Amino acid sequence: MTMPNDFASTPVSATIEQLRYWVPTIKDVARVIESDDTGNGWTLNIVPKVASACPVAITLRESGRFDIVIAGEGYADRGFGSLDQIVALLERIADGRVVQRRWVSRATGAATGVETMVPLGDGLVWRNGPEPDGASERRDRHFLPYRRI
């Protein structure tokens, strides 16, 4: 697949090339689909072969912002200080280092939100979702790594 014209010689194009370099390291343990939709961005969809591993899809836009779906939870128009962190984020997901935290009301048991956390190293954690309100309890879901040794 060629580089979309919108991304030629940009920091985003460098990140796409880094991801293309990384993808072969997981191709034996995941189905990977790459696509570009001019105007909407470049998408990488990763579905692990291990059922309890975490699927992920990310769409990078020319602006450097991205949309991501991690284990079915979507987060739109996100960004990092450095696009290099996108590669680290996907590596950690493939390593099974994802916690999906479901918050449920203590009084009713009704779901109040889903928070997703991925440690990036050096004390950095990518997280998205609601903050606990004190009236909810958490139920954590952990994922297996794509590669089982």
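This report covers the core, an antiparallel sheet and the salt bridges of a predicted model.

Local features need pLDDT of at least 70, side-chain atom pairs count only at pLDDT 80 or more, and totals for chains, interfaces and linings use all residues. Residues are numbered from 1 along each chain as its sequence is written, and side-chain values use heavy atoms, with hydrogens and water left out.

## Core

The largest nonpolar core holds 36 residues. Such a core is a set of buried Ala, Val, Leu, Ile, Met, Phe, Trp, Tyr and Cys residues joined through side-chain atoms within 4.5 Å. Buried means under 20% relative accessible area, exposed means over 50%, and partly exposed lies in between (1.4 Å probe, protein chains only). Ile93, Trp126 and Tyr146 have the most contacts inside this core. Two or more residues come from each of α1 (11-22), β1 (30-37), β2 (41-48), β3 (56-60), β4 (66-70), α2 (84-94) and β7 (111-121). The largest share, six residues, comes from α2. Helices (H or I, at least four residues) and strands (E, at least two) are DSSP runs, numbered from the N terminus.

Contact means heavy atoms within 4.5 Å. Not counting residues up to four places away in sequence, Trp126 touches Phe66, Ile68, Ile70, Tyr75, Arg78, Phe80, Leu89, Thr116, Met117, Val118 and Leu120.

Helix α1 also carries Thr15. Thr15 counts as buried because its relative accessibility is 2%. Its contacts, leaving aside neighbours within four places in sequence, are Leu60, Leu83 and Ile86.

## Sheet

Four strands make an open sheet, ordered β8-β7-β6-β9, with antiparallel pairing. Its edge strands are β8 (124-128) and β9 (136-142), each paired on one side only. From one strand to the next, the twist averages 25°. Two strands pair if DSSP finds at least two bridges between them.

Five bridges join β7 to β8. Among the partners, Pro119 is matched with Val125 in β8. Helix α2 lies across β7 and β8 and runs at about 110° to β7. Axes are lines fitted to C-alpha atoms, for helices over the stretch in contact, and angles run from 0 to 180 degrees between N-to-C directions.

## Salt bridges

The structure holds eleven salt bridges. Each is a side-chain nitrogen of Lys or Arg within 4 Å of a carboxyl oxygen of Asp or Glu. Three of them are tabulated here.

| Pair | N to O distance |
|---|---|
| Arg20 and Glu34 | 2.5 Å |
| Asp77 and Arg65 | 3.3 Å |
| Glu115 and Arg127 | 2.9 Å |

The pair of Arg20 and Glu34 links distant parts of the chain: Arg20 is in helix α1 and Glu34 in strand β1, 14 residues apart. Arg20 is buried because its relative accessible area is 19%. Glu34, at 25%, is partly exposed.

Asp77 and Arg65 form a salt bridge. This pair too links distant parts of the chain, with Asp77 in strand β5 (residues 73-78) and Arg65 in the loop between β3 and β4, twelve residues apart. Asp77 is partly exposed at 39% relative accessible area. Arg65 is partly exposed at 33% relative accessibility. Both residues belong to a salt-bridge network with Arg61 and Asp67.

Glu115 and Arg127 form a salt bridge. Glu115 sits in strand β7 and Arg127 in strand β8, twelve residues apart. Glu115 is buried at 2% relative accessibility, whereas Arg127 is partly exposed at 42% relative accessible area.
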